[in-house]
Amino acid sequence: MHVYEKIGLIRQRIECACQKVGRNPNEVKLLLATKTVSPEKIIEAFWADETLIGENKVQELKQKYNKLKAFPHETHFIGHLQSNKAKEVVKYVSCIQSIDRMSLVKKLHKYLEKEDRRLAVLLQVNTSAEESKFGLHPKAALQFAKEMAGFPLLKVKGLMTIGLFSSESEKVRKCFRVMREVRDEISGHNLPGIEMKELSMGMSNDLEIAIEEGATIVRVGTAVFGERGFPDSYYWNEGT
Ligand SMILES: *Cc1c(COP(=O)(O)O)cnc(C)c1O
């Protein structure tokens, strides 16, 4: 099957999930997770009218940049971001979805100040309580969001999470409910400059559940581009 056909199937899945809970499919953005995917394949997705991709490694982002730049698109950073790469990534992306610690926030903000720029970000929340995953503890997210108000060049737009990997859908759903609760808690405080519009959650295997629970961005890789050669832990863990 071609990339455009697989994208068609994903678009159908998004539509069905929205229908089930009475949501408008236009409220759900499709982000293509393009780690390990060649620029040629990504361009096939652009021809199919997709315009949003996500990368996990700064090195890979840089390598593909020149081949993709002629095509109108946006790139989000969705991997674990090492502080020493913070400066570099800002040149290539319109949003960092994986903000999970203050040291990173401070570095980014300092750089943005120098460049006289702003950048959209999402706060990553670890909703599965798995040690292998990065992200703020759900109970720490509110305090973190309060502190973010002191770094106005980073525009907080919402939250991101990687749900539990499990075939038990109720356990997966619970992660996405935790996200909603964290969002509601933070929105309830009306923090200056902090928006909670976006919930980035749901991947190839669990996007329906995520949409039912309120996802506004689903991040899909395997279902469009096929299996990857590396296990995902390679992309989520530092130093490996
Ligand atoms: C790879 C990746 C995805 C996509 O996962 P699939 O299961 O291949 O759809 C989504 N989010 C993040 C953060 C990823 O690293």
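**Figure 1. Asp116 in the loop between helix H5 and strand E5 of a predicted model.** Asp116 is exposed, because its relative accessible area is 71% (exposed means over 50% relative accessible area, buried under 20%, and partly exposed in between, with a 1.4 Å probe and protein chains only). The loop that holds this residue runs between helix H5 (102-115) and strand E5 (119-124); helices (H or I, at least four residues) and strands (E, at least two) are DSSP runs, numbered from the N terminus. Although Asp116 is not a glycine, its phi is positive, at about 55°. Most residues other than glycine have a negative phi. Because this is a predicted model, local features need pLDDT of at least 70 and side-chain atom pairs count only at pLDDT 80 or more, while totals for chains, interfaces and linings use all residues. Residues are numbered from 1 along each chain as its sequence is written, and side-chain values use heavy atoms, with hydrogens and water left out.

**Figure 2. Asp49 in the loop between helix H2 and strand E2.** The elements on either side of this loop are helix H2 (39-47) and strand E2 (52-55). Asp49 also has a positive phi, near 75°, in a residue other than glycine. Its relative accessibility is 67%, so Asp49 counts as exposed.

**Figure 3. Surroundings of the ligand.** The ligand has 13 residues around it, of which Lys35, Asn56, Ser204, Thr222 and Arg228 come nearest (a residue is near a molecule if one of its heavy atoms lies within 4 Å of it). By class, this shell comprises six nonpolar, four polar and three charged residues; Ala, Val, Leu, Ile, Met, Phe, Trp, Tyr, Cys and Pro count as nonpolar, Asp, Glu, Lys and Arg as charged, and the others, Gly among them, as polar.

**Figure 4. Side-chain atoms of Arg219, Thr222 and Arg228 beside the ligand.** A polar side-chain atom of Arg219 is 2.8 Å from a nitrogen atom of the ligand. Thr222 places a polar side-chain atom 2.5 Å from an oxygen atom of the ligand, and for Arg228 the distance from such an atom to a ligand oxygen is 2.8 Å. Of the 390 Å² of accessible area that the ligand has on its own, the protein covers 97% (areas come from the Shrake-Rupley method with a 1.4 Å probe).

**Figure 5. Met160 in strand E6.** Strand E6 spans residues 154-160, and Met160 lies within it. Met160 counts as buried because its relative accessibility is 0%. Its C-alpha atom is separated by 20 Å from that of Lys106, 54 residues apart along the chain.

**Figure 6. Glu44 in helix H2 and Glu88 in helix H4.** Glu44 has a relative accessibility of 32% and therefore counts as partly exposed. The C-alpha atoms of Glu44 and Asn24 are 26 Å apart, with their positions 20 residues apart along the chain. Glu88, in helix H4 (residues 86-90), is partly exposed, because its relative accessible area is 24%. Between the C-alpha atoms of Glu88 and Pro72, 16 residues apart along the chain, the separation is 21 Å.

How values were computed. Polar contact = N/O pair within 3.5 Å; in protein donor to acceptor, adjacent residues only side chain to side chain.
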